[in-house]
Amino acid sequence: MVRITDVARRAGVSPSTVSYALSGKRPISAETRRRVEAAVRELGYRPHSGAPARGRSKVLALAAPLRAGVHLPAMMRVTESVVTAARGHDHDVLLLTHEEGLNRVGGPAPADALLVMDIGLQDPRLPLLRSLNLPCVLLGLPADPHGLTCLDLDHRAAGEVCVDHLARLGHRTVALVGSPPESHLPGTASAHRLVEGFTAAADHHGLAPSVHPAGSAPDAAHRIADRLLRERPALTAVVVHNAPLLEPLITAFRQLGLRIPEDLSIMAVCPDDPETVTSVPLPAGELGTRAVELLMAQLHGMPVPETTLLPPRLTERASTGHA
């Protein structure tokens, strides 16, 4: 059996450095990380897991770290759907909310398989996830999904669908009020891919776009609305990818004298499906169910696709109109 000391010797580093490189617990230089990952692949190293020796535990682990910038209601909706789907397969769910949760799964944790949420473009957990001798599904799409099983809403397509809708209505100057800045700094994949789709579609249609990451506190809404109208007087449409800010932002624009949608169209990409706002909702129920189905297929030795992206579904309501 290949041990962590064997990997350390091959990579020319200490065993603790190997552990940090695989877990993302501490910063490791890119060159050192590459040497460690190469040694892991060459030696076929797998962290110990107690599950095979005990047989199936009938438990799925769900890593849902609670950090700044995470929209907790959305995470809980996905978690609820995972739990419901798992019970249908006679499995319980172990919820891991701490950043170190994956290290526990890599050891003798009572789990047959692993779901991981809140995936970054360059997620530091990926080397560990690739090395685990455990079926694993990522709810999110990193920049390099090779060797992983990933499932998510197609956020790039969601950004494109929003702009396509506004372009058909004749809008020429559009803005995206995005996720909190802390979601962009670590490279949260969904936020970045939605921005990519939004700006690419705006360029395709010849629109004038702008992107504004924003905090989620309701008192920030008036400041954002006021700044948008001062900096972009030709603005006629706003897409909101920040669920807690949606209603406060609508209220703020109305307090500033704008009629919706006569003066300003508003649409959202959000966990809920608001009754009065044109929106692309996050399919939380479908994500949770499909993730569990992918894990069950892996547990039974069946092949699964590397990446599954759910198409966005736009519902038009009274908050958008012709420019």
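In the predicted model, Val36 touches Val7, Ala11, Val13, Val18, Ala21 and Leu22, leaving out residues up to four places away in sequence. Apart from Val36, the residues of the largest nonpolar core that touch the most other members are Val18, Leu22, Leu114, Val116, Leu129 and Leu138. This core has 30 residues. Two or more residues each come from helix 1 (4-11), helix 2 (15-23), helix 3 (30-43), strand 1 (59-63), strand 3 (113-116), helix 7 (126-131) and strand 4 (136-139). The element that gives the most is helix 2, with 4 residues. Another core lies apart from this one and holds 24 residues, including Ile224, Ala225, Leu228 and Leu249. In soluble globular proteins, nonpolar side chains tend to be buried together.

Across the chain, 13 helices and 11 strands were assigned. Of its 323 residues, 53% are buried. Among contacts between residues at least 6 apart in sequence, 73% join residues at least 24 apart.

Helix 3 and helix 7, which both contribute to the largest core, also each supply at least two residues to the lining of the second largest pocket. The volume of this pocket is about 470 Å³. Its lining consists of 18 residues, and those nearest the centre of the pocket are Glu37, Arg41, Leu126, Pro127 and Arg130. By class, the lining comprises 7 nonpolar, 4 polar and 7 charged residues.

The cysteines were examined for disulfides, and the count came to 0. A disulfide is a covalent bond between the sulfur atoms of two cysteines. The criterion applied here requires the two sulfur atoms to lie within 2.5 Å. For Cys150, the closest cysteine sulfur belongs to Cys136 at 8.6 Å, so the pair is too far apart for a bond. Cys162 is likewise in no disulfide, with the nearest cysteine sulfur, that of Cys270, 9.6 Å away. Cys150 has a relative accessibility of 1% and therefore counts as buried. Cys162 is also buried, its relative accessible area being 1%.

Two individual residues illustrate contacts between parts of the chain that are separated in sequence. Glu160 is located in helix 8 (residues 155-168). Its relative accessibility is 27%, so Glu160 counts as partly exposed. The C-alpha atoms of Glu160 and Glu196 are 8.6 Å apart, while the two residues are separated by 36 residues in sequence. With residues up to four places away in sequence set aside, Glu160 touches Gly197, Phe198 and Ala201. Ser279, by contrast, is located in strand 10 (residues 278-281). Because its relative accessibility is 0%, Ser279 counts as buried. Beyond its neighbours within four places in sequence, Ser279 is in contact with Ala268, Asp273, Pro274, Arg313, Leu314, Thr315 and Arg317.

Backbone geometry was also considered at several loop positions. Asp90 has a phi near 60°, a positive value in a residue other than glycine. This residue is found in the loop between helix 5 (72-88) and strand 2 (92-96). At 47% relative accessibility, which is between the limits of 20% for buried and 50% for exposed, Asp90 counts as partly exposed. For Asp118, phi is again positive and near 60°, in a residue that is not glycine. Asp118 occupies the loop between strand 3 and helix 7, two elements that contribute to the largest nonpolar core. The relative accessibility of Asp118 is 18%, and buried means under 20%, so Asp118 counts as buried.

A cis peptide bond joins Ile260 to Pro261, with omega near 10°. Pro261 is placed in the loop between helix 12 (246-255) and strand 9 (265-270).

Note on methods
Residues are numbered from 1 along each chain as its sequence is written. This is a predicted model: local features need pLDDT of at least 70, side-chain atom pairs count only at pLDDT 80 or more; totals for chains, interfaces and linings use all residues. Side-chain values use heavy atoms; hydrogens and water are left out. A nonpolar core is a set of buried Ala, Val, Leu, Ile, Met, Phe, Trp, Tyr and Cys residues joined through side-chain atoms within 4.5 Å. Buried means under 20% relative accessible area, exposed over 50%, partly exposed in between (1.4 Å probe, protein chains only). Contact means heavy atoms within 4.5 Å. On a 1 Å grid over the protein atoms alone, a cavity is a set of points where a 1.4 Å probe fits but cannot get out, and a pocket is an open set with protein on both sides within 12 Å along at least five of seven lines; lining residues have an atom within 4 Å of a point. Grid points are joined across faces, edges and corners, and a volume is the space filled by probe spheres set on the points. Ala, Val, Leu, Ile, Met, Phe, Trp, Tyr, Cys and Pro count as nonpolar, Asp, Glu, Lys and Arg as charged, and the others, Gly among them, as polar.
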